[in-house]
Amino acid sequence: MTDRSDPHPPARPATSSEGLADGPFPGRGARLARLDAEITAVLTEEGAALDEGEHRRWLDLLDPAFRYEIPVPLLREDPALERHSRSAVLFEATKRVLELKFGRAGLLQAWSDRPGTTTRHFLGSVRVFDAPAAGVVRADANVLVTAGRGAGHTVLVSAARHDLLRERHGRWVLLRRRVLLDVEVATHEQLSVIF
């Protein structure tokens, strides 16, 4: 069985991996099943770094051009229509913004981050596809994230996750991440989680 390519290809083909960090998220290229296990291992380590609070290690897994985005979910009566906006986002960040976020969490003055949140990332159904730039692949996965802070307050959210990974200096790093939440209206707590 072969997967069909995404019916919505990018508006213009990217000529460089940096070009994929901006603009429309590229569609699926040819299926690269031989890379499923390797990319799953990379994404598992990346999730473990977040869950273990090793933010510096997680940031080191991001490309300098990294872009993170959560598009606005759309309530549609027709199931054939897209469920997430192509242009409006609930949250968007670069690697630099995330460095500032995690740097603040390490400061004594960041009282709003104490007690810290405990997260758990459950990753599944990872499939790898070719991307329109050399040395870049697209990984589609399902993710379930729990976030707990204090007694009796737990956030549970599922999402589809589309990642672009770039081979850089002999290892895979994240170039772009798009998170498609499985909710119609996202809460502040859900948006505070890094997927």
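## Fold order and overall numbers

Going along the sequence, the elements come in the order α-α-β-β-α-β-β-β-β-α. That makes four helices and six strands in total. Keep in mind that the model is predicted.

The protein has 195 residues, and 40% of them count as buried. About 10800 Å² is exposed, with carbon and sulfur atoms supplying 54% of that area. As for contacts between residues at least 6 apart in sequence, 62% of them join residues at least 24 apart.

## The E3-E4 hairpin

Strand E3 covers residues 118-130 and strand E4 covers residues 136-148; the two pair in the antiparallel sense, with eleven bridges between them. Together E3 and E4 make a hairpin, with five residues sitting between the strands. In the turn, Gly135 has a positive phi of about 75 degrees. If you want a spot to check the register, Asp130 stands opposite Val137 in E4.

## Asp163, a buried acid

Now for strand E5, which spans residues 154-168 and holds Asp163. Is Asp163 buried or exposed? Its relative accessible area is just 1%, so Asp163 counts as buried.

Which charged partners does this side chain have? One is Arg161, which forms a salt bridge with Asp163, the closest N and O atoms being 3.4 Å apart. Arg161 is buried too, like Asp163. There is also a polar contact of 2.6 Å between the side chains of Asp163 and Arg177.

Leaving out residues up to four places away in sequence, Asp163 touches Phe25, Leu43, Val137, Arg138, Ala139, Leu174, Arg176 and Arg177. Val137 appears in that list, and Val137 is also the E4 residue opposite Asp130.

## Leu156 and the nonpolar patch

Strand E5 also contains Leu156. With a relative accessible area of 55%, Leu156 is exposed, because the cut-off for that class is over 50%. Leu156 joins Phe122 and Leu144 in a nonpolar patch on the surface, and together the three residues have about 290 Å² of accessible area.

## Val42 and a long-range neighbour

Over in helix H1 (residues 36-51) you'll find Val42. Its relative accessibility is 21%, so Val42 lands in the partly exposed class, given that buried means under 20%.

What does Val42 touch, once residues up to four places away in sequence are set aside? The contacts are Leu165 and Trp172. Val42 and Trp172 are 130 residues apart along the chain, yet their C-alpha atoms are separated by 7.2 Å.

## Salt bridges

The count of salt bridges comes to 19. One of them is between Arg56 and Glu99, at 3.8 Å from N to O. Arg56 is in helix H2 (residues 55-59) and Glu99 in helix H3 (residues 95-105), so this pair ties together parts that are 43 residues apart in sequence. Glu99 is partly exposed, at 23% relative accessibility.

Salt bridges with shared partners also link Glu45, Glu52, Glu54 and Arg57 into one network. Within that group, Arg57 and Glu52 form a salt bridge whose closest N and O atoms are 3.1 Å apart. Arg57 is partly exposed, with a relative accessible area of 27%, while Glu52 is exposed at 52%.

Terms used: Residues are numbered from 1 along each chain as its sequence is written. This is a predicted model: local features need pLDDT of at least 70, side-chain atom pairs count only at pLDDT 80 or more; totals for chains, interfaces and linings use all residues. Side-chain values use heavy atoms; hydrogens and water are left out. Two strands pair if DSSP finds at least two bridges between them. Buried means under 20% relative accessible area, exposed over 50%, partly exposed in between (1.4 Å probe, protein chains only). Contact means heavy atoms within 4.5 Å. A polar contact is a pair of N or O atoms within 3.5 Å; within protein, one must be able to donate a hydrogen and the other to accept it, and residues adjacent in sequence count only if both atoms are side-chain atoms. Patches are made of residues with over 30% relative accessible area and no salt bridge: like charges are joined within 9 Å, nonpolar side chains (Val, Leu, Ile, Met, Phe, Trp, Tyr) within 5 Å. Accessible areas come from the Shrake-Rupley method with a 1.4 Å probe; for residues, only the protein chains shown count as cover. A salt bridge is a side-chain nitrogen of Lys or Arg within 4 Å of a carboxyl oxygen of Asp or Glu.
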